[in-house]
Amino acid sequence: MSFTLAIVGRPNVGKSTLFNRLVGKRLALVDDQPGVTRDLREGAARLGDLKFTIIDTAGLEMATDESLQGRMRMLTERAVEMADACLFIIDARAGVLPADEIFADILRKKNAHVILAANKAEGKAGEAGLMEAYSLGLGEPLGLSAEHGEGMADLAYVLRPLIDLAEAAHVDHTPLVDVDLTEEDEELGEDEVVEYIPPTSSKPLQIAVVGRPNAGKSTLINKILGEERLLTGPEAGITRDAISVMTEWSGTPMRIFDTAGMRKKAKVQDKLEKLSVSDGLRAVKFAEVVVVLLDVDIPFEQQDLRIADLAEREGRAVVLAVNKWDTEGDKQDKLKQLKEQFTRLLPQLRGAPLITVSALTGRGLERLHDAILEAHQVWNRRVSTSALNRWLVGMLEQHPPPAPQGKRIKLRYMTQVKARPPGFVVMASHPDLLPASYSRYLVNGLREDFDMPGTPIRLFMRSQNEDNPFKGRKKAPPSKLRKHLSGRKT
């Protein structure tokens, strides 16, 4: 994640003009009338050799209610809290207004790094406003002209140490996925098993708790942590940011991501909610195991299925947890219905653990912990090449591949090439003709025979002819001098 700079200030001070100059494109609308920008807009900025992310915000207004201006201000304040630094712009020609003084106090509390800049400072008209900016108490102001590009070198000079500091302090939480196996790993002996390395405090197990709004995600994490760390309540959609917390759950170091509830895209109209959902989707990519939390009263809604499918497509281990189990009366009958729905609606997650929990009372949390560890262990599993090829012979004898267009498909060799999640390559004679149903037959067989329930399995069909360096080359035409050369020999 790159260094993020938020541009804030009153309406019509030149924020969008500066944004367009830094990104090198006219991405943001610019006009003389105030209040043109209403939403947050991100862009990849470049200033000399510095590269960072810049956020254009709506002009700060005095409104704090639920009006349009009030909601725009809430959105801008959130961008300030999320950013690594804040560029506070005033109008050098208008000078310091009472609203600037109020907003300076707010920014001082919300962000540790506030850079003060007086825009429209070109010529003598902006000199008085530039000197007046010292009264805000935010340090030496920068004299800028976003329209003409003046003061950009001074801005780069101030940003450079902040960017270096942010990069030094940044910790990359992205998990190691799609790991390529070495030849030593592929040539494991029959009885050799790669030892599972449990999570450590330096490399904790990363979990994302996702689901629809009001499913009880924050309540579940609070119960795991043993304290009210995250804000909860009966209202849906309280959580807006994807928040990560470090903890040790039953002796296992974990980093748990709490995410905002995800609704259908058509229902997401609020800009804050759009940002929250995108934050949640990003948290799934940071996770190794994704816990999809369902509401026992309305389980397996369309959005639940989409969320689970997203985690599977991203290649993450998936655990399904059904919350509010303490409110259910006929538990045995309900559990039977849940298992039937799971098998029917999510065949791509066949064998994934389905755990019933109560985030309010804490019942079922130990079973959820064990299921997460087991899913993580399966996600890291590696199988020897010799065992795979013996298994492949048995699968071919039991159910030979079809012969489309009279062409017999031969599956000659199989090996595991990736882990986290497991990925396998099968060398075939006509891989493009092999139907998807036969690939599913092999994947289901891998799940059952090598004990890999629920984890995403990637199966690639490859032709042996792809390694032939002469494939596709045309045969050289006969030499036009051949008849003359053959005539001489005779």
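Which residue is the bridge partner of Leu205 in β10? In this predicted model, the partner of Leu205 is Met254, and this pairing offers a starting point for describing the strands to which the two residues are assigned. Strand β8, which covers residues 205-211, runs parallel to β10, and the two are joined by five bridges.

Strand β10 itself spans residues 252-258 and is mostly covered, seven of its seven residues being buried. In a regular strand the side chains alternate between the two faces of the sheet. In β10, Thr252, Met254, Ile256 and Asp258 point one way, whereas Pro253, Arg255 and Phe257 point the other way, and residues of both sets are buried. Met254, the bridge partner of Leu205, thus belongs to the set that includes Thr252, Ile256 and Asp258.

Helix α7, formed by residues 217-225, is likewise described as mostly covered, with seven of its nine residues buried. The buried positions of α7 are Lys217, Ser218, Leu220, Ile221, Asn222, Ile224 and Leu225. After α7 comes Gly226, for which the phi angle is positive, with a value near 80°.

A further part of the model concerns Pro421, which lies in the loop between strand β14 (411-419) and strand β15 (423-428). The relative accessible area of Pro421 is 2%, and because the cut-off for a buried residue is under 20%, Pro421 counts as buried. When residues up to four places away in sequence are not counted, Pro421 touches Asp178, Gly315, Trp379, Pro456 and Arg458. Asn380 is 41 residues from Pro421 in sequence, while the C-alpha atoms of Asn380 and Pro421 are 6.5 Å apart in space.

Two helices that pack against each other were also examined. Helix α12, comprising residues 385-398, and helix α13, comprising residues 436-449, pack at an angle of about 125°, and their axes are 11 Å apart. This angle makes α12 oblique to α13, because it lies outside the ranges that count as roughly parallel, roughly perpendicular or roughly antiparallel, the last of which requires an angle over 145 degrees. The crossing in which α12 passes α13 is right-handed. On the side of α12, the contact is made by Leu388, Trp391, Leu392, Met395, Leu396 and Gln398, and on the side of α13 by Tyr438, Tyr441, Leu442, Gly445, Leu446 and Asp449. Sorted by class, the residues in the contact of α12 with α13 are nine nonpolar, two polar and one charged.

Definitions and conventions
Residues are numbered from 1 along each chain as its sequence is written. This is a predicted model: local features need pLDDT of at least 70, side-chain atom pairs count only at pLDDT 80 or more; totals for chains, interfaces and linings use all residues. Side-chain values use heavy atoms; hydrogens and water are left out. Buried means under 20% relative accessible area, exposed over 50%, partly exposed in between (1.4 Å probe, protein chains only). Helices (H or I, at least four residues) and strands (E, at least two) are DSSP runs, numbered from the N terminus. Two strands pair if DSSP finds at least two bridges between them. Contact means heavy atoms within 4.5 Å. Axes are lines fitted to C-alpha atoms, for helices over the stretch in contact, and angles run from 0 to 180 degrees between N-to-C directions. Angles under 35 degrees count as roughly parallel, over 145 as roughly antiparallel, 65 to 115 as roughly perpendicular and the rest as oblique. A crossing is left-handed if the near helix is turned anticlockwise from the far one by less than a right angle, and right-handed if clockwise. Ala, Val, Leu, Ile, Met, Phe, Trp, Tyr, Cys and Pro count as nonpolar, Asp, Glu, Lys and Arg as charged, and the others, Gly among them, as polar.
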